[in-house]
Amino acid sequence: MNAKLRTALAVGPLNIATVLIYRVLLKLGIHPVQSVRVKPPIGPFFRPSAEIDATLPSISSWNDTGECFGWFRYPLEGNIPEWHSNPITGKAVKDVNRPWWKIPDFDQGVGDIKGVWEASRFAWALSMAQQARRGETDEIDRLNHWLEDWVAKNPPFLGPNWKCGQESSLRVLHLAAAAMVLRQIDSTQAGLLDFIAMSLARIAPTRAYAMAQDNNHGTSEGAALFVGGTWLTANGRPEGAKWERQGRDILEERVNRLIEIDGTFSQYSVTYHRMMLDTITFTELWRRRLNLQEFSSSFQQRAAQATRWISSLVNAETGDAPNIGANDGAHLFDYVQSGYRDFRPSVRLATDLFLKENIYQGSAGTVHRWAGIEPSDISATPSRSFVFDNGGFAVLRRNSAMAVLRYPRFRFRPSQADVLHLDLWINGVNHLRDAGSFSYNSGDEWTEYFSGTAAHNTVMFDDRDQMQRLSRFLFGDWLKTARVIPLNESESFTAFGAEYKDRLGATHTREINLSENSLRVRDSVAGFKHKAVLRWRLAPGKWVLNGSELSDGNCRLSVSGDMPIARMELKEGWESLYYHTKSKVPVLEVEVSKPGTLTTLYGWGV
């Protein structure tokens, strides 16, 4: 059985058939979504807030500049975004009056289409609603003006901003969040209800395609159908009932399928996990606000475990978390504008809702006021070492240090060849780090680098990725864990390990031992033909390599082997902490040509 067939069976024949049928029907022009016709909604969409509260935290986002992917800020010429332009490249989609299915997924003349989509996710609607709720009455006029401009320049269903059902879903959810802040859920303007109905008419016909992805598309679109459907129903619109049922069914099925019993999400990514959790957290807030039927107990249990999963990885002092897995820059419901890499507001809301506990102190707590809930009076259990074996993540903690080991438990398609990658954090600083994603449309060279084995703290055999690359977003021959060395916690150390064997017979066993002031890693390698290269991706600094020891003046790293070391070299690599931007990082490469065991010792504080 060849790699493509094995991978097809792993992805799921039904999922593949659903995607193929969807694409064929679109190409033939007979997909049901292509026959949907609606009239553009007419504003105003929001009315002035009747409940002013100037004591709420100040919000200033999207006033003079727009924001893209949590880092890129650009001037708003004419005080409004260019809806069809990529602000990073400055290029615009041509012929925007085409039906969305005739617009290509990848247009090198424009750059990554996610840059075009960013402003049309409507994060600004929530920000403007917050400012209006604080008493800045001009913000309602600005909010209505932007929505009217968007409708005029994005008629249904023409142009790039209608291309993805998930993008329509995020608009619905951000508008719902704005309505919640402004207390306008059950007395909504007719124009806004028409906008929601228009969006759901785009989402519903392609929901099977979204679910076939086995990723956040299904949870986002299910949430939008549920939220939008119940919103319409609450305002006397009978068409909402059908979408409400569809959304609830999708959410229940997706949460129970895509979240493992240990809380790991199907995309094996910290930032995508946050996006999924933010989505179901907001949906639960909405359900409670409308006093609707509860989701099932299994839904609640999976949501609780997903909350525990991400909270175990987040640093309480900085809010940052490992850059493990794909990272596309998504950040929903940014109530407190604490920054893209601050995961605490998301974790805090989810912890209150699904665990009924209070986690973190300080500014992250202001998210409760905007969400309209009271924090729990039960303190959350402090983070500890934990193995999420269903998803293949081991989190080791020792005082101020945290190590995270990624090992293969692929029930869903992996997006990165990052098996046995190791992250190390000390006092909230990421010392040994993952590269991230950079961009999904940056050319084959960068796509292959950031998702490949060379961009991770692991061993690469014979200059090849750990899994065979079949396409831009698909690896074949998914690895399996051959052995797990169970978590071992003593008074002086915490230890764990795992092993895999790849399709060509190469084996890698990694054992990690974390103590108060050091990390020891033993990498046993065998079965390769020519060479094995161990990489350690370091925090930027003035690193100096002296023989077999590397130091930046505060930390030191040494590597020894029971086989000859052919090469030990400090080189430059790349990392992307935010989508579509990259920076250089030092990378230590250790090369061997014979099997054996390499021992790495990373020390600090003494």
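**A walk from Ile30 to a pocket**

Let's start with isoleucine 30, which counts as exposed because its relative accessible area is 53%, and the cut-off for exposed is over 50%. Keep in mind as you look around that this is a predicted model. To find isoleucine 30, go to the loop that links α2 (13-28) with β1 (65-68). Isoleucine 30 has company out there: together with Val24 and Leu28, Ile30 makes up a nonpolar patch on the surface. Between them, these three residues have about 300 Å² of accessible area.

Now move along to helix α11, which covers residues 270-289. Here's a simple check you can follow. The helix has 20 residues, and at 1.5 Å a residue it should span 28 Å, since the expected span uses one less than the number of residues. The C-alpha atoms at its ends are 28 Å apart, so the model agrees with that expectation. As for its surroundings, α11 is mostly covered, with 18 of its 20 residues buried. After α11 comes asparagine 291, which has a positive phi, near 55°.

Our last stop is the second largest pocket, which holds about 800 Å³ of space. Its lining is made of 33 residues, and those nearest the centre are Ser311, Thr381, Pro382, Ser383 and Arg384. Several helices and strands pitch in with at least two lining residues each: α12 (297-311), α13 (344-355), β5 (386-388), β7 (401-406) and β8 (422-426). Which element gives the most to this lining? That would be α12, with three residues.

Note on methods. Residues numbered from 1 in each chain as written. Predicted model: local features only at pLDDT ≥ 70, side-chain atom pairs only at ≥ 80, totals over all residues. Heavy atoms only, no water. Patch = residues over 30% accessible without salt bridge, like charges linked within 9 Å, V, L, I, M, F, W, Y side chains within 5 Å. Areas by Shrake-Rupley, 256 points an atom, 1.4 Å probe, with all protein chains shown as cover. Salt bridge = Lys/Arg side-chain N within 4 Å of Asp/Glu carboxyl O. Helix = DSSP H or I, 4+ residues; strand = E, 2+ residues; numbered from the N terminus. Buried < 20%, exposed > 50% of the residue type's maximum accessible area, 1.4 Å probe, protein only. 1 Å grid on protein atoms, 1.4 Å probe; cavity = no way out; pocket = protein on both sides within 12 Å on 5 of 7 lines; lining within 4 Å. Points joined across faces, edges and corners; volume = space filled by probe spheres on them.
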